[in-house]
Amino acid sequence: VLVAHEFALTDGAGHDYGPHSDGLRAAIEETDHRLGQVLDMLAAKGLLDSTLFVFTSDHGMAAQDVSLKANPARHPERIGMKTVIGEPMIYLRDLCVEVAPANDGRTARVSVLDNDPRARMREQMQAALYLNHPYGRSVIGWEHEMRGLNTADALDWYRRYYAPNNAILIVAGDITAADLKPLAEKYYGPISARPIAPRLRPQEPPPEAARRVTIKDTRVREPSLSRVYLAPSYVAGAREHAYPLEVLAEVLGSGGTSQLYRALVLDRRVATAAGAFYTPDAIDLTRFAMFATPAPGVSPADLEAALDEEIRRVLVEGVSAGDVERAKQRMRASAVFARDSLQTGARVIGTALAIGQTVDDVEAWPDRIGAVTAAEVTAAARYVLREERSVTGVLLPRPGS
């Protein structure tokens, strides 16, 4: 059984816990104590068959400098900021219903979604974007369904899908395949393979109507505008548009020199922030998104009209070759810098393999981006940025808040 637990690196007053601080050491010691209770409970229930530890740290040397004073039979070497144990994955808060009844999935939903109006907006827009595909379902779960679930349901789910023959192991760091293989055999080898049923993947019907979501909440202090479009991914839909869409997102909305930022923030001064992004690494259709925050005194309706005008300009005039070339240079440069991070490389390769791509696809990304033309970017924009493919979201303060 895998138990995962993350703890914040700031206290309630906003003070950071550095890798050498007493606060962090106390937090880690408390984590060790709680994990020990959980592992003892699992062992008593006969659920703890094998143990594997994975260590990552957002604070560089912290994983080396901060260690848990733990039972060596239970914990090898050290645990850094995040602790992951075993297989298959059950989060600590979900598993420990018997130990701490308040720390169940409902608590997680309240903290992650229900107390965050922007997260609720994203959830509702995702549900509106996907009429038929499971991507429209909340990842953490809808509350009315969660109330009917228990620990046995979670275990059944993980036993169904979390098997070594349905997993991808990515290891990055100062290690060779020869050193890694015996470790993988030691920790994963005893875990038996299980039959994995084919996944049924309902597909989206052709979009026919624009949709709109408006949320008003007393906790909202400033309005915001969002727009998402149903888009092809690397491996689904009109895949020839995937790399051009990545360049389009860079041209339209990446940073202070992007087209949307220049037009809405600097020139027209109707927004204080504006951008765009695209997530091509999905197994099925994905989304292309834009966002903006209205400037003081500017209504969301006026900001939306200005955004629509900029979108029409792109569709009519196309994107310039100069903007495309500069965007491609920035993207290829970022790929070079990304190689400095072991975590980024492992995540990119793991994601690619999980959606059906290959390591060759990852290595070829800079060249494929470099080969994109302005005509291809314009064609991708005209394919995706259509009203019937869109969901517009407006987040507003509730009157009287």
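Which residue stands opposite Val-394 in S9? In this predicted model, the residue in that position is Leu-225, and the pairing to which strand S9 belongs is a convenient place to begin reading the structure.

Strand S9 spans residues 390-397, and seven of its eight residues are buried, so that the strand is mostly covered. Strand S6, made up of residues 224-231, runs antiparallel to S9 and is joined to it by six bridges. Strand S5, which covers residues 211-217, also pairs with S9, but here the sense is parallel and the pairing extends over seven bridges. Within S9, Val-391 has Arg-211 standing opposite, while Val-394 has Leu-225 opposite; S9 thus pairs with S5 in the parallel sense and with S6 in the antiparallel one.

A second site to follow is Arg-268, which lies in the loop that leads from helix H10 (259-267) to strand S7 (271-278). Is Arg-268 buried, partly exposed or exposed? Its relative accessibility is 35%, and because buried means under 20% and exposed means over 50%, Arg-268 counts as partly exposed.

The surroundings of Arg-268 include residues from further along the chain: the C-alpha atom of Leu-303, 35 residues away in sequence, is separated from that of Arg-268 by 9.9 Å. When neighbours within four places in sequence are left aside, the residues in contact with Arg-268 are Ala-263, Ala-306, Glu-309 and Glu-310. With one of these, Glu-309, the contact is also polar, since the side chains of Arg-268 and Glu-309 approach to 3.4 Å, and the cut-off for such a pair of N or O atoms is 3.5 Å.

Conventions. Residues numbered from 1 in each chain as written. Predicted model: local features only at pLDDT ≥ 70, side-chain atom pairs only at ≥ 80, totals over all residues. Heavy atoms only, no water. Buried < 20%, exposed > 50% of the residue type's maximum accessible area, 1.4 Å probe, protein only. Helix = DSSP H or I, 4+ residues; strand = E, 2+ residues; numbered from the N terminus. Pairing = 2+ DSSP bridges. Contact = heavy atoms within 4.5 Å. Polar contact = N/O pair within 3.5 Å; in protein donor to acceptor, adjacent residues only side chain to side chain.
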